[in-house]
Amino acid sequence: MAQSVKGYNRLSSVYAWLEHLAFANTLMRARLSLLPELKSAKEILILGEGDGRFLRQAVSYFAEARFVVLEQSPNMIALAKQRFSSAELERIQFIECDIQTGKEQLKPGFDAIITCFFLDMFNATGICNILETFSPYLKDAGYWYYVDFAETGKGVNRLYQQAYLRLMYWFFAWQTGLETQKLVNPHSLFEALGFRLQGQNDLHFHFLSSRLYQKVN
Ligand SMILES: C[S@@+](CC[C@H](N)C(=O)[O-])C[C@H]1O[C@@H](n2cnc3c(N)ncnc32)[C@H](O)[C@@H]1O
């Protein structure tokens, strides 16, 4: 089993607790911040959902939508599944896989792709590869809802952001073998691959950024 899978399996039961300790409810506020903008989405793909807390909210919010989740950690998936009724589970397909292999099981035609605190695990080449791989699965004018950390502060705020990011990258390298050690702002990569920013909301002194990109070609 890959070190990353082992690590996230181990962290799964304490993940929510660690998040609350570090950020209270601000990460969830960022995840939900622009979700209403996807109101007409009927087919939604989520990459690296984690323990299902965001999915719980999304499934309630989009009462008609169907969800496909690519997630490598079986423990995370098991935790997520516990949050849903059997009727709701009929609307969710969990695919336990690395995103690179799981894509083989997808059919194109998604209205939206969602990545929450997921692309921060990749360097620029990795993010580019993910955008290139999954963009064809979006419908024309489909959305990529991106929620992640941002390193945009100035002065003391920037020092705070850098210190926190250093601590987080150290923690995930230790626990999951994460090799990436630096946060990439993927904005220019989205633009280069034919996405346009349609909405943005920055929270927590601009340390968290929720962005809605639309595929324009
Ligand atoms: C940093 S956590 C973020 C979880 C959640 N999206 C959130 O908002 O907190 C990353 C999640 O992505 C999963 N993951 C990491 N790399 C993956 C990959 N290559 N393929 C599929 N899932 C992956 C991990 O198992 C974990 O659940």
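Let's start with one residue: Met168 is found in helix 9. Helices here are DSSP runs of H or I with at least four residues, strands are runs of E with at least two, and both are numbered from the N terminus. Before we go on, two notes on reading this. Residues are numbered from 1 along each chain as its sequence is written. The model is predicted, so local features need pLDDT of at least 70 and side-chain atom pairs count only at pLDDT 80 or more, while totals for chains, interfaces and linings use all residues.

Back to our residue. Is Met168 buried or exposed? Met168 is partly exposed, because 16 other C-beta atoms lie within 10 Å. The cut-offs are these: 20 or more other C-beta atoms within 10 Å of a residue's own make it buried, 12 or fewer make it exposed, and anything in between is partly exposed, with C-beta atoms placed from the backbone. Met168 also sits 9.2 Å from Gln181, C-alpha to C-alpha, with their positions 13 residues apart in sequence.

Now the whole of helix 9. Residues 155-176 make up this helix, 22 residues in total, and its first and last C-alpha atoms are 31 Å apart. That is close to the expected 32 Å at 1.5 Å a residue, where the expected span is 1.5 Å times one less than the number of residues.

Which residues of helix 9 are buried? They are Gln161, Phe172 and Thr176. These three cover an arc of only 10° around the axis, which puts them on the same side of helix 9. The arc is taken from the directions that run from the helix axis to the C-beta atoms. Here is a handy rule: an α-helix has 3.6 residues a turn, so residues three or four places apart point the same way.

Take Phe172 from that group. Phe172 counts as buried because it has 20 C-beta neighbours inside 10 Å. In sequence Phe172 and Gln72 are 100 residues apart, and in space 16 Å, C-alpha to C-alpha.

What do the buried residues of helix 9 pack against? Their partner is helix 1; contact here requires C-beta atoms, placed from the backbone, to lie within 7 Å of each other. Turn to the other side of helix 9 and you find exposed residues, among them Leu159, Arg166, Trp170 and Trp174. Just after the helix, Gly177 takes a positive phi of about 75°.

Let's step back to the loop before helix 9. Lys154 lies there, between strand 5 and helix 9. Lys154 is exposed because just 9 other C-beta atoms are within 10 Å. Lys154 and Gly142 are twelve residues apart in sequence, yet 34 Å apart in space, C-alpha to C-alpha.

Next, helix 3, residues 26-33. Its buried residues are Leu27, Ala30, Arg31 and Ser33. Looking down the axis of helix 3, these fall within an arc of 160°, so they line one face of the helix. The elements that cover them include helix 2, helix 4, strand 4 and strand 5.

On to the core. A nonpolar core is a set of buried Ala, Val, Leu, Ile, Met, Phe, Trp, Tyr and Cys residues, joined through C-beta atoms within 7 Å. The largest one here has 49 residues, and Ile44 and Ile113 have the most contacts inside it. Strand 5, residues 138-149, gives the largest share of this core, with seven residues. Leaving out residues up to four places away in sequence, Ile44 touches Phe62, Ala65, Phe67, Phe110, Asp111, Ala112 and Ile114.

Now the ligand. How many residues surround the ligand? There are 18, and the closest are Tyr8, Gly48, Gly50, Gln72 and Cys116. To count as near, a residue needs its C-beta atom, placed from the backbone, within 6 Å. Helix 1 and strand 2 each supply at least two residues of this shell. By type, the shell has nine nonpolar, five polar and four charged residues. Nonpolar means Ala, Val, Leu, Ile, Met, Phe, Trp, Tyr, Cys and Pro, charged means Asp, Glu, Lys and Arg, and the others, Gly among them, are polar.

Last, two backbone details. Phe117, which is not a glycine, has a positive phi near 50°, and its place is the loop between strand 4 and helix 8. His204 is another non-glycine residue with a positive phi, near 55°, and it lies in the loop between strand 6 and strand 7.

How values were computed:
Two residues are in contact if their C-beta atoms, placed from the backbone, lie within 7 Å.
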